[in-house]
Amino acid sequence: MFLNLIDKIKRNFSLRLTLWYTIVSLFAFIVIFTIAYYSLQSSLKKEDEKLILFRFNKYKEYYEKDGLEGVQSEIALERNGEKPNLFFVRIADKDNHTLLLSIPDQWKGVDISELGSINTNMKVQNLRPTDKSIETLYEIITFPLKDGNFIQIGKDITYRLEALNRFKQIFFAVMLPAILIGLLGGYLVTYKALLPIRDLTKTIKSIVNTGEMGARVPSGKTDDELGELVSLFNNMLVRIEQLIEGMKESLDIVAHDLRTPLTSLRVMAENALSSHQSLELCREALSDCLEESEKIIRMLNTLMDISEAKAKTLKLKKERFDISNLVQKTLEIYLFIAEEKNITINAELSEGILVFADPNRIRQVVGNLLDNSIKYTPSGGMINIKTYKETHKAVIEVNDNGIGISEQDLPKIWDRLYRGEKSTTHRGLGLGLSIVKSIVELHGGHVEVTSRPSFGSTFIVSLPFVE
Ligand code: ADP
């Protein structure tokens with residue numbers, strides 16, 4: 001039963017929070033009470049001592065002037081006065097023999113013989129009536145007199161005890177309901193405050209159990225940190241859902257795109273295996289198979305690179321280099337293919353444009369853009385490639401007067417495996433621009449395109465410039 005309760009408390013965050021809150025409040029309450037109690041006690045004590053000191057100064061004056069008689073007649077005067085005499089007065093010699101003793105009428109239950117021999121060595125002493133049924137306390141202070149005798153002045157301090165007792169009673173009477181109210185109130189407040197967390201848990205459980213990503217946490221209940229957490233969580237779910245959708249879509253496209261080369265691989269292999277084929281034809285079929293499988297590997301590698309670049313996990317081997325040098329060297333590789341297609345390439349490369357990037361990846365970017373320009377520009381066309389500096393940017397611009405891109409195709413050309421309507425007659429996987437964009441963005445740059453069908457296209461890559 002008890003263990004069950006502890007287990008329940010351990011698993012219930014609201015309850016645990018409330019308990020902690022109550023324990024801390026209780027502790028603070030006790031500390032405040034103790035301080036208040038001792039302050040009250042000390043101020044009451046000081047007040048009494050002040051009164052006793054006042055008496056002492058008065059009696060001392062009479063004693064020094066007229067001796068014992070002086071004090072005696074003053075006490076007699078006080079006794080006959082209207083106010084009740086509340087002070088105990090005793091004058092004793094060095095050997096503690098009583099020379100004068102005046103006991104207030106109100107002092108009850110104290111043994112006279114005891115009062116006549118109170119210790120003179122102690123400065124302050126408390127005295128209780130011998131009759132224990134009387135709840136009273138007297139405080140007596142001893143002062144030395146000039147002639148070596150002592151004067152003891154006492155006062156009933158029972159009211160002090162009563163006041164402190166009342167204070168204690170009030171504390172206990174207030175503390176219990178305060179703890180209960182604190183516990184209940186604290187539990188209700190934390191229960192309400194943790195509602196968004198409970199909604200969150202419910203939603204996560206439902207997603208885990210059903211695999212349904214469409215569930216959302218009810219939002220807008222609070223606009224505090226928990227409200228923000230809920231809305232962030234919902235946004236995260238939307239993002240995950242989009243990613244899963246994207247992955248499903250990509251998987252469908254990949255499966256579809258892989259089917260064609262794999263089918264032709266199979267057909268080639270089957271043909272080669274058929275019994276009537278010559279060795280020459282078998283060799284040819286094998287080399288075609290190799291070409292097809294390389295295409296598949298290239299496609300899968302590029303797809304993986306794009307995914308890694310998008311997830312920012314693609315490792316870049318960055319170094320400082322001149323972008324124009326890199327463009328010049330890449331261009332040289334494509335000059336021959338362009339020449340074969342009767343396409344002219346003009347280069348306008350500015351000097352001293354330094355970037356901090358992965359040269360192999362940037363070579364891939366320039367290569368893909370040049371390859372596309374050559375691919376989509378008919379024979380006799382022209383390509384201009386430029387590098388220049390803009391504020392904080394190193395720019396590579398590839399422009400052609402080729403077939404251009406239609407308005408419908410323009411937003412989709414960056415998508416994985418997307419191929420423009422007019423491109424199907426050209427070789428390609430639909431991954432070139434996707435990898436270009438991913439690499440450039442991974443470097444902190446960006447890429448844009450302007451194009452008009454039949455007039456040509458311009459691709460502009462901007463990378464952060466290094467001073
Ligand atoms: P692909 O393998 O089809 O070339 P890309 O991702 O490189 O794939 O390009 C996507 C699409 O963008 C192409 O299919 C083509 O329609 C269009 N495209 C890219 N570059 C050019 C260009 N220079 N001129 C015209 N169309 C282009």
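This is a short dialogue on reading the ligand site, the pocket, the cavity and two unusual backbone angles in a predicted model.

Student: Where do I begin with the ligand in this predicted model? Which residues are closest to the ligand?

Tutor: Begin with the shell. Here 20 residues surround the ligand, and the closest are Tyr376, Arg419, Gly420, Ser423 and Gly430.

Student: Which elements supply that shell?

Tutor: Helix H9 (359-375), helix H10 (432-442) and strand E12 (456-464) each bring at least two residues to the shell around the ligand. The largest share is from H9, with three residues.

Student: And how do the shell residues divide by class?

Tutor: Around the ligand you'll find eight nonpolar, nine polar and three charged residues.

Student: Now the polar contacts. Which distances should I look at around the ligand's oxygen atoms?

Tutor: The idea is to look for N or O pairs within 3.5 Å. Try Arg419 to start: an N or O atom in its side chain is 2.6 Å from an oxygen atom of the ligand. For Gly430, a polar backbone atom lies 2.8 Å from a ligand oxygen. Then there's Asn372, where a side-chain N or O atom sits 2.9 Å from an oxygen atom of the ligand.

Student: How much of the ligand's accessible area does the protein cover?

Tutor: On its own the ligand has 530 Å² of accessible area, and the protein covers 97% of that.

Student: Let's go on to empty space. What does a probe tell me about it?

Tutor: When a probe the size of a water molecule is rolled over the atoms, it shows where empty space is left. In this model, the space taken by the ligand is the largest pocket. About 950 Å³ of space lies in that pocket.

Student: What lines the largest pocket, and which residues lie nearest its centre?

Tutor: The lining has 41 residues, and those nearest the centre are Asn372, Lys375, Tyr376, Gly428 and Gly432. You've met two of these already: Tyr376 is among the residues closest to the ligand, and the side chain of Asn372 has an N or O atom 2.9 Å from a ligand oxygen.

Student: Which element gives the most to the lining of the largest pocket?

Tutor: That's H9, with eight residues. Helix H7 (279-310), helix H8 (323-340), H9, H10 and E12 each supply at least two residues of the lining. By class, the pocket lining comprises 13 nonpolar, 17 polar and 11 charged residues.

Student: How many cavities of 30 Å³ or more does the structure hold?

Tutor: A cavity is a space where the probe fits but cannot get out. The structure holds one of 30 Å³ or more, and the largest cavity has about 50 Å³ of space. Its lining includes Pro196, Asp199, Lys221 and Val230. Helix H5 (195-210) and helix H6 (225-273) each supply at least two lining residues. Three nonpolar, four polar and two charged residues make up the cavity lining.

Student: One last feature, the backbone angles. Where do Asn96 and Asn342 lie?

Tutor: Check phi for positive values in residues other than glycine. Asn96 has a phi near 65 degrees, and this residue lies in the loop between strand E1 (87-92) and strand E2 (98-102). Asn342 also isn't a glycine, and its phi is positive at about 60 degrees. You'll find Asn342 in the loop between H8 and strand E7 (344-349).

Note on methods: Residues numbered from 1 in each chain as written. Predicted model: local features only at pLDDT ≥ 70, side-chain atom pairs only at ≥ 80, totals over all residues. Heavy atoms only, no water. Near = heavy atom within 4 Å. Polar contact = N/O pair within 3.5 Å; in protein donor to acceptor, adjacent residues only side chain to side chain. Areas by Shrake-Rupley, 256 points an atom, 1.4 Å probe, with all protein chains shown as cover. 1 Å grid on protein atoms, 1.4 Å probe; cavity = no way out; pocket = protein on both sides within 12 Å on 5 of 7 lines; lining within 4 Å. Sits in = over half its atoms within 2 Å of the grid points. Helix = DSSP H or I, 4+ residues; strand = E, 2+ residues; numbered from the N terminus. Nonpolar A, V, L, I, M, F, W, Y, C, P; charged D, E, K, R; others polar. Points joined across faces, edges and corners; volume = space filled by probe spheres on them.
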